[in-house]
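Hi,

Here is the structure I promised to pass on. Have a look at it first, and then read my notes underneath.

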Amino acid sequence: MLAWGVVAALAAACSSLQQGSLAPKGAGAQRQLDLFYVSLWASTAVVLLTLGLLGYALFRRRRDDDEERFRDTRFIVSFGVVIPLVVLLSMMVVTFASLAGEPQRGTMEVQVVAHQFWWEVFYPEQDFTTANEVHIPVGTKVELVLESDDVIHSFWVPELEGKADLVPGRTNRLVLEASEPGTYRGFCAEYCGLQHANMLFLVIAQPEAEFEEWAAAQARPAAVQDSRGEELFEEHACAGCHTIRGTSADGDFAPDLTHFASRETLGAGILPNERGQLAGWVVNSQTIKPGNEMPPITTLEPDELEALVDYLEKLE
């Protein structure tokens, strides 16, 4: 226990640590880290005390008389009942105090729906949907409304907040707040199937003005004038699964692609959103992320693939 405590403390102090719950960038993660350290040092103290008492019991000289038996009884009651009770009650009070400090509501709402194996993100105030990225303004308490479309998932951004489960048929809520701008990686923290480990997302915390600019751009329909690319998108049944606002593509089975090119990753965070990666994903995503719901597209000619990728790259 003590060795692990030292390792944790050194890791927390390491300036090169870029991600994780030991490097909080939000109020929720900071509360949990404070509680972790209280538990860590309390546990360390208990272990040291126990070892000391064990050493005392092993090496002390014993006398078989009434005074010695009384001393042993008092010793057992003090260190076997009273002190553990005080420690446990103290930890309960500290834990309840930490929980009481968690905000129950936010000033802004974002709806997150988990699918195997990606994240749908809807902004009701601005009325647009994106995928696998949650943009939030810095210093704002953002209330996430969490739902699942299939199995149990769990939303976790270690640097910002603890995890919250997304359960089919139930709505859970989590208040997210970032104390400084940055891009924070999130995970599904509940095993949900073959690609559970590759069900990632980004939380991008931006200054208020930058967030408002991004949200206004996302709310607009696609402005691309590319008849060839749009024709291929519809011809190969992409439009049956995906939506591109401003076009006839209105599928609701897969991620909304209206502003796909503005996203940093594809495949729910497993690949950078670059041309070569995108082309491979379009042709056969099963070779990259087996078990996802997108079928291979084997009928594309090379020039058609180029045109379709050109079209997707213009959806900014």
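**A buried asparagine, and then a sheet**

Let's begin with one residue: Asn-292 has a relative accessibility of 12%, so it counts as buried, the cut-off being under 20%. Keep in mind as you read that this is a predicted model.

Where does Asn-292 lie? You'll find Asn-292 in the loop that sits between helix H6 (275–284) and helix H7 (302–313). Its side chain makes a polar contact of 3.2 Å with the side chain of Ser-285. A polar atom of the Asn-292 side chain also lies 2.7 Å from the backbone oxygen of Lys-289. If you leave aside the neighbours within four places in sequence, the residues in contact with Asn-292 are Trp-281, Ser-285 and Gln-286. So Ser-285 turns up twice, as a polar partner through its side chain and in that contact list.

Now for the sheet. In what order do its five strands come? The order is S3-S2-S1-S5-S8, in an open sheet with mixed pairing. At the edges are strand S3 (128–131) and strand S8 (172–176), each of which pairs on one side only. From one strand to the next, the twist averages 25 degrees.

Next, try colouring strand S1 (residues 108–115). Is S1 largely enclosed or not, and why? Six of its eight residues are buried, so S1 is largely enclosed by the rest of the structure.

Here is how the strands are joined up:

- S1 and strand S5 (residues 142–148) run parallel, with seven bridges between them. Met-108 is a good place to start looking, as it stands opposite Val-142 in S5.
- S1 and strand S2 (residues 118–123) run antiparallel and share five bridges. On this side Gln-111 stands opposite Phe-122 in S2. A hairpin of two residues takes you from S1 to S2.
- S5 and S8 are antiparallel too, again with five bridges. Here Glu-143 has Val-175 in S8 as its bridge partner.

Finally, which strands does helix H4 (residues 208–219) lie across? H4 lies across S1, S2 and S3, and it runs at about 105 degrees to S3.

If you want a route through the model, start at Asn-292 in its loop, then go over to S1 and follow its bridges to S5 and to S2. After that, finish with H4 lying across S1, S2 and S3.

Happy looking!

Definitions and conventions: Residues are numbered from 1 along each chain as its sequence is written. This is a predicted model: local features need pLDDT of at least 70, side-chain atom pairs count only at pLDDT 80 or more; totals for chains, interfaces and linings use all residues. Side-chain values use heavy atoms; hydrogens and water are left out. Buried means under 20% relative accessible area, exposed over 50%, partly exposed in between (1.4 Å probe, protein chains only). Helices (H or I, at least four residues) and strands (E, at least two) are DSSP runs, numbered from the N terminus. Two strands pair if DSSP finds at least two bridges between them. A polar contact is a pair of N or O atoms within 3.5 Å; within protein, one must be able to donate a hydrogen and the other to accept it, and residues adjacent in sequence count only if both atoms are side-chain atoms. Contact means heavy atoms within 4.5 Å. Axes are lines fitted to C-alpha atoms, for helices over the stretch in contact, and angles run from 0 to 180 degrees between N-to-C directions.
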